[in-house]
Amino acid sequence: MVTKMKYVAHSCNTKTGDISQTYSDPHTCPKSCPFKCHGCYGENFTTRRHWVQSNCTSKTLADMMESKGHTKVLRHNVAGDMCIHDTDELDGELIRDLSRAYKGVKAYTYTHASKSAENFQLIHKAAENGFVINMSCETLSQVMECRENHVPAVLAVYEWTQKDKAARRIDGITYRLCPASHDKNMTCRDCGKCWKKGRKEVIVFPVHGTNKKKTRAFLMDF
Ligand code: SF4
């Protein structure tokens with residue numbers, strides 16, 4: 001399956017820093033992602049403008065990176081995911097193409113695919129090839145499933161309630177607030193937590209922005 005993508009050699013995003021980035025066709029998003037039409041930041045005007053454009057495919061990404069150049073760290077999918085259309089299952093062929101394109105690059109991303117054995121396996125395989133895929137969670141039981149399957153997890157919450165702390169520990173798991181959410185000078189390029197191989201800590205992202213209220217029904221205060 002060929003996936004339409006947009007490749008940006010040098011981003012001007014203040015949160016990620018000036019690293020290379022991609023966007024993938026909205027059809028790659030999992031069928032049951034709770035953010036779909038309920039606060040997905042990819043649906044914001046500015047992000048959506050990039051999201052629906054494409055300048056390469058999953059098959060031509062490697063050539064595009066070679067001709068345009070790339071940074072040492074790359075954020076895959078500012079918007080989009082890696083699922084087979086209209087399912088919650090990761091697309092193995094797509095992940096293989098991406099892993100090949102990202103050889104020698106510290107590439108990382110997030111997925112809302114289901115917490116299935118097949119998906120965990122594909123994430124492990126990608127990690128062996130140096131491509132770090134974080135599983136996005138909304139509940140502590142989803143985090144636990146990821147932990148039991150040795151897959152890095154991130155947790156979206158409505159509010160981070162421990163205002164005086166940047167981390168908390170529950171049931172042997174450390175939950176760490178994304179540093180960029182409370183330090184304006186921090187970028188993903190400099191932080192590196194999401195692209196660190198074998199990370200055990202769970203990174204917590206409090207939602208923000210104009211669509212925040214749309215997530216109230218499915219995100220907890222934490
Ligand atoms: S934890 Fe670090 S790498 Fe991950 S999103 Fe936050 S700033 Fe970026």
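**The ligand shell, a second pocket and a hairpin**

By class, the shell around the ligand comprises 9 nonpolar, 1 polar and 2 charged residues. The model described here is a predicted one. The residues that surround the ligand are K15, Y110, C178, P179, A180, C188, C191, G192, K193, C194, I203 and F205. Two elements, α6 (188-191) and β10 (202-206), each give two or more residues to this shell. As for its location, the ligand sits in the largest cavity.

A good next stop is the second largest pocket, which holds about 300 Å³ of space. Its lining is made up of 20 residues, and those nearest the pocket centre are H150, V151, P152, G198 and R199. Here the elements that contribute two or more residues to the lining are α4 (117-128), β6 (131-137) and α5 (140-148). Of these, α4 gives the most, with 4 residues. Sorted by class, the lining of the second largest pocket contains 10 nonpolar, 3 polar and 7 charged residues.

Finally, a look at two strands rounds off the tour. Strand β8, residues 167-170, pairs with strand β9, residues 173-177, in the antiparallel sense, and the pairing runs over 4 bridges. Within this pairing, R168 has Y175 of β9 as its bridge partner. Together β8 and β9 form a hairpin, with 2 residues between the strands. In the turn of this hairpin, D171 has a positive phi of about 50 degrees.

Conventions: Residues are numbered from 1 along each chain as its sequence is written. This is a predicted model: local features need pLDDT of at least 70, side-chain atom pairs count only at pLDDT 80 or more; totals for chains, interfaces and linings use all residues. Side-chain values use heavy atoms; hydrogens and water are left out. A residue is near a molecule or strand if one of its heavy atoms lies within 4 Å of it. On a 1 Å grid over the protein atoms alone, a cavity is a set of points where a 1.4 Å probe fits but cannot get out, and a pocket is an open set with protein on both sides within 12 Å along at least five of seven lines; lining residues have an atom within 4 Å of a point. A molecule sits in a cavity or pocket if more than half of its atoms lie within 2 Å of its grid points. Ala, Val, Leu, Ile, Met, Phe, Trp, Tyr, Cys and Pro count as nonpolar, Asp, Glu, Lys and Arg as charged, and the others, Gly among them, as polar. Grid points are joined across faces, edges and corners, and a volume is the space filled by probe spheres set on the points. Two strands pair if DSSP finds at least two bridges between them.
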